[in-house]
There are 2 protein chains.
Amino acid sequence: MSTFMEISPSEFFYRNRDLAGFSNPTRALYMTVRELVENSLDACDSSGILPEVSVSIREHDDAQGMPDPKQYTVSVRDNGPAIDPEHVPLAFGKVLYGTKFTLRQSRGMFGLGATMAILYGQITTNRPAVIRTVRDGYMHEYVMMLDIQRNKPIILSKSSDARDGRGLEVSITLVGDYSKAQQKVRDYIAQTALITPYADIMLEEPSGSSLSFRRIMDRMPNPPVEVKPHPAGIDVETLRRLIQNEIGSIAMHEAKERLIREVARHGDDLVGVARERWDRLSKDVRTAVSLLIMLDLKVEDMDKVRIDRIDPLAGEVHYTLLLDGEYATARMKDIEPFRSHLLSIAMGDTLLSFLVKNFQRVGASTAKRFLEYAGMDGGKRIGMLSNDEIVRLADAMQRHSGFLPPDATCLSPIGGDALEAGIRSIFKPEFVAVVQRPASAYSGFPFIVEAGIAYGGGIEGKGIRLYRFANKIPLLYDEGSDVAWKVIDEIDWARYKVSADEMPIAIVTHICSTRIPYKTVGKEYIADRPEIEYELKNAIRFLARRLSIHLSRKGNLAMARKR
Amino acid sequence: MSTFMEISPSEFFYRNRDLAGFSNPTRALYMTVRELVENSLDACDSSGILPEVSVSIREHDDAQGMPDPKQYTVSVRDNGPAIDPEHVPLAFGKVLYGTKFTLRQSRGMFGLGATMAILYGQITTNRPAVIRTVRDGYMHEYVMMLDIQRNKPIILSKSSDARDGRGLEVSITLVGDYSKAQQKVRDYIAQTALITPYADIMLEEPSGSSLSFRRIMDRMPNPPVEVKPHPAGIDVETLRRLIQNEIGSIAMHEAKERLIREVARHGDDLVGVARERWDRLSKDVRTAVSLLIMLDLKVEDMDKVRIDRIDPLAGEVHYTLLLDGEYATARMKDIEPFRSHLLSIAMGDTLLSFLVKNFQRVGASTAKRFLEYAGMDGGKRIGMLSNDEIVRLADAMQRHSGFLPPDATCLSPIGGDALEAGIRSIFKPEFVAVVQRPASAYSGFPFIVEAGIAYGGGIEGKGIRLYRFANKIPLLYDEGSDVAWKVIDEIDWARYKVSADEMPIAIVTHICSTRIPYKTVGKEYIADRPEIEYELKNAIRFLARRLSIHLSRKGNLAMARKR
Ligand SMILES: Nc1ncnc2c1ncn2[C@@H]1O[C@H](COP(=O)(O)OP(=O)(O)OP(=O)(O)O)[C@@H](O)[C@H]1O
Ligand SMILES: Nc1ncnc2c1ncn2[C@@H]1O[C@H](COP(=O)(O)OP(=O)(O)OP(=O)(O)O)[C@@H](O)[C@H]1O
Ligand SMILES: [Mg+2]
Ligand SMILES: [Mg+2]
């Protein structure tokens, strides 16, 4: 018998935790470290604070002397801006909740990393997580678990103490396998230090030994800035929402007090009083009273309804009755000046000014050229666009090649110097070359590719070893499925006199974007978007040429010495 | 400035639609076909109806004569049980909503496939989907779109007509690229016919040509049955929920009327009246009045509270105040017989009978052996288990090797005959061998591996071609990352005198399970769980031996003829 059921997003990720990378004790221990470290670095980056992050992994008391897999407590502490205590329960207790849903480069993007780590801890040990947030002279400590079925936090206890300092500390107890995860965790910390040379990072291991990376530069990169979308990435849904935002959500109940003051208390006949006082009414009150009249609502009932949108083409008001969540539609009556007022509110801006106002790097002339290409009239009011016209507009936006390349202030690449310094400090190679490609975009999301090649010196082993990064996160799994590997594999290294299987070579690739096209929720490898592949290929070829020159010079020098 | 935001699951999958396989017009067109076909076959399978599924892909009127990618309308119709009309809006308009969250083999598992296809159609064309459900003498038609931000359906229109017949039809208009997707769509339909030899499947293409597969057997496999979980897969969260279910959710407000009748109307002193009438009270009323007394609630207020659980160890009642969703805890007062009654309700069954009742293939002796291994007392009441004891129990369940192999009635393999018939009908080979491995389990989820090898005859090309299936779904992407490919790659074919790169060989692998460990939401390839890899390896080796025998016989025959 078919019983329909809804599951919450936390229930979905509980049942399908492999999708989020929490598939077994080894991988989960690694993921817990990375999710917390990435959160700490994101927080410091966005506040311009030079990061100090310390990671401690200790056996839990009850697991002393037992074999892996066993209970560990992972604690990550930072000197970041911390979190306002009232936001802590939901930030850590709710999946699909966070601050990184905007168009700006950050490591996090899904709103679920930290909560997944807490979830895994809970389902393997039934122990709570401990969150300490220190700022404004206080430390607030939350001991919490998750209501997985309802996607809500369960706060077991909450306390506050006076304390100086600033930062966040998260502690999670989970069943992990450190004997298997150890190498990956160490590599993750070391590679994070490579790509974030302005950060202090420390790892304390269960055995008591520790790994410490001091910062090798004191200059923070500029924090990335939130930008408007680029027109080339726009699908119909995004375009419709931008139009909707422009026309404005019509929050009728917000004007209630003013409506009472300006209209209702002057008489019972709403239509008559409003008409008489029309010139003195504010725009919001005009809109509110027009809606009351169209929907036949009393002033007292105006909080019971939410206006969804006004359809100027059909002359209808779409609204939701808040008590039962039902959608409803009302035809607008032919009563002036109310009807005309609502129509002009609903019609919104002209298409031309809408384009200039809502997209990055679109000025009046760019907009005009685009409208000509799309075959649309820039004077048309956006609220009057038909469904087909909106689709044509989005479609033309995807195909038009005349837009300027994206604005890269939303990105925060490492920069050639910092990348070279990081590579030298970790590999101590004989030769390094780095390159930063110009900003490009895939599906309208700006991105920059940076890469470096290192040869000889302290590099061990034979053959090319690839170190992949995305938004300053080291990617340590599924190399064979990643676009960077594909590019390196397809380069004809012999042409550069480089022996790709024999020489001691390290290649570092870094892609930064407002949206990294990961193929999995566990952020392990990147899809082969053609624009990204193109930039990587050009970057690697450039580096291959530079290495080639170095090797031939070295070869010539050796030849010269022999004579 | 950090603004915390929540996004709905549909918003998550809209922003991250690559994760669900809807990354571009080619892939999306393929995914739309497969999500709808898989739904139709699931519906027929679970009702024991011999499936008739017809797929039509037509250019949309507005796209006539335009180049790819362009608007197509994909319609999939079946003769299945259809859906009760009142369930249609949520089934298709809500992500994470469906009927396949149970422990039973089905193609679907996430509750989002059809909704994702409708979503992609909406964001590329802004057109609604049309759902027609025919049963009980009526056809009900829904024309709908999605409120992506709120994860709710938007019903544009709804109509009903008298009509005979039974089944469901879904039509979605989306921007697709049939010139690129065509081969994959045809392969998908052909391979679905191979693995579902009891189904009639038809595909009508935009050009007007059609592909039709008639069923080659009239016998349906037994529909899979829902089973209890197997103990070996149990994590702490699942165990806690099973214990919670056993103790029973205490729905206080359900007893309100009876409480009023049996107690409240006999006097104002709740404690006194309840004590006096105790022997005549039903169990639910005893529980309800005890809770009222412990929480100091009036009878009128009993709907305002939801009892979450009673903690018999701590002597506390955990409840939620429904008005504001706040959690609260009350210590139980020392008032009898109410306190003792609540304690005995909360203590639940003995551990021994809990195990026998809640897990598949666990009888009293299996349970006793396990409890001995876990070092726990079978007489202990489950409501009295401490946190640590629950964790120890789950842990012991994962390590204990004395459980019987899982119950396979929840599985519905194709069977050797049907697999062989399907292979012969599609490949027309010179030789076929098939094998079905015994049921096994990974993480407590039962699974069965079936495989077939075909050689020569109508098989084209050189070298092994792999056809992968999971729960009767053809998997056409990411072969290189799949566990089946890994196994085939690692077999030493030369040992079987099989030239893996030269001979015309087709290998078919089919894994069926109550939960396929896909690595992505798009269900493209399967994780290399050791238990699954083991069964695949044994199956392929068996088939390699059978082919080897055939080839040597064939070789001997040829030799004999030559003499
Ligand atoms: N160390 C920290 N300092 C400040 N804020 C933090 C810290 N850790 C987490 N947060 C806040 O908690 C939110 C939720 O974190 P979570 O890791 O669950 O999601 P996310 O980082 O937004 O996305 P992702 O799932 O991709 O990691 C973040 O968006 C951030 O606002
Ligand atoms: N053709 C059909 N006949 C009967 N019921 C159907 C049909 N198609 C869909 N349904 C119902 O609608 C529900 C939602 O379908 P949807 O494809 O979105 O999710 P699912 O099949 O449960 O999981 P998945 O995301 O893995 O496909 C199904 O669970 C099923 O109950
Ligand atoms: Mg995060
Ligand atoms: Mg489905």
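In the predicted model, Lys472(A) is in contact with Asp45(A), Gln105(A), Arg107(A), Ile195(A), Thr196(A), Tyr198(A), Pro221(A), Ser412(A) and His510(A), when its neighbours within four places in sequence are set aside. The residue belongs to the loop of chain A that runs between strand E17 (463-470) and strand E18 (473-475). With a relative accessible area of 2%, Lys472(A) is classed as buried, because the threshold for that class is under 20%. A further spatial relation links Lys472(A) to Ile414(A): the two are 58 residues apart in sequence, and their C-alpha atoms are 8.0 Å apart.

Asp61(A) likewise occupies a loop, here the one between strand E2 (52-59) and strand E3 (70-78) of chain A. Its relative accessibility is 61%, and Asp61(A) therefore counts as exposed, the criterion being a value over 50%. Between the C-alpha atoms of Asp61(A) and Thr73(A) the separation is 9.4 Å, the two residues being 12 positions apart along the chain.

Ligand 1 is situated between chains A and B. It is surrounded by 24 residues, of which Thr99(A), Met109(A), Leu112(A), Gly113(A) and Lys523(A) come nearest. By class, the shell around ligand 1 comprises 12 nonpolar, 8 polar and 4 charged residues. In chain A, helix H2 (25-47), helix H3 (88-93), strand E4 (97-98) and helix H4 (113-125) each contribute at least two residues to this shell. The largest share, 4 residues, is supplied by H2(A).

Oxygen atoms of ligand 1 lie at short listed distances from N or O atoms of chain A. For the side chain of Lys523(A), the distance from an N or O atom to a ligand oxygen is 2.5 Å. Backbone N or O atoms are also involved: one of Met109(A) is placed 2.6 Å from an oxygen atom of ligand 1, and one of Gly111(A) is placed 2.9 Å from an oxygen atom of the ligand. The protein buries 95% of the 590 Å² that ligand 1 exposes when taken alone.

In chain B, helix H5 (residues 178-195) packs against helix H14 (residues 416-427) at an angle of about 145°, and the helix axes are 7 Å apart. On the side of H5(B), the contact is made by Ala190(B), Leu194(B) and Ile195(B). The residues contributed by H14(B) are Leu419(B), Gly422(B), Ile423(B), Ile426(B) and Phe427(B). The contact of H5(B) with H14(B) consists of 7 nonpolar residues and 1 polar residue, with no charged residues.

Notes: Residues numbered from 1 in each chain as written. Chains lettered and ligands numbered in written order. Predicted model: local features only at pLDDT ≥ 70, side-chain atom pairs only at ≥ 80, totals over all residues. Heavy atoms only, no water. Near = heavy atom within 4 Å. Polar contact = N/O pair within 3.5 Å; in protein donor to acceptor, adjacent residues only side chain to side chain. Areas by Shrake-Rupley, 256 points an atom, 1.4 Å probe, with all protein chains shown as cover. Nonpolar A, V, L, I, M, F, W, Y, C, P; charged D, E, K, R; others polar. Axes fitted to C-alpha atoms, helices over the stretch in contact; angles between N-to-C directions. Contact = heavy atoms within 4.5 Å. Buried < 20%, exposed > 50% of the residue type's maximum accessible area, 1.4 Å probe, protein only.
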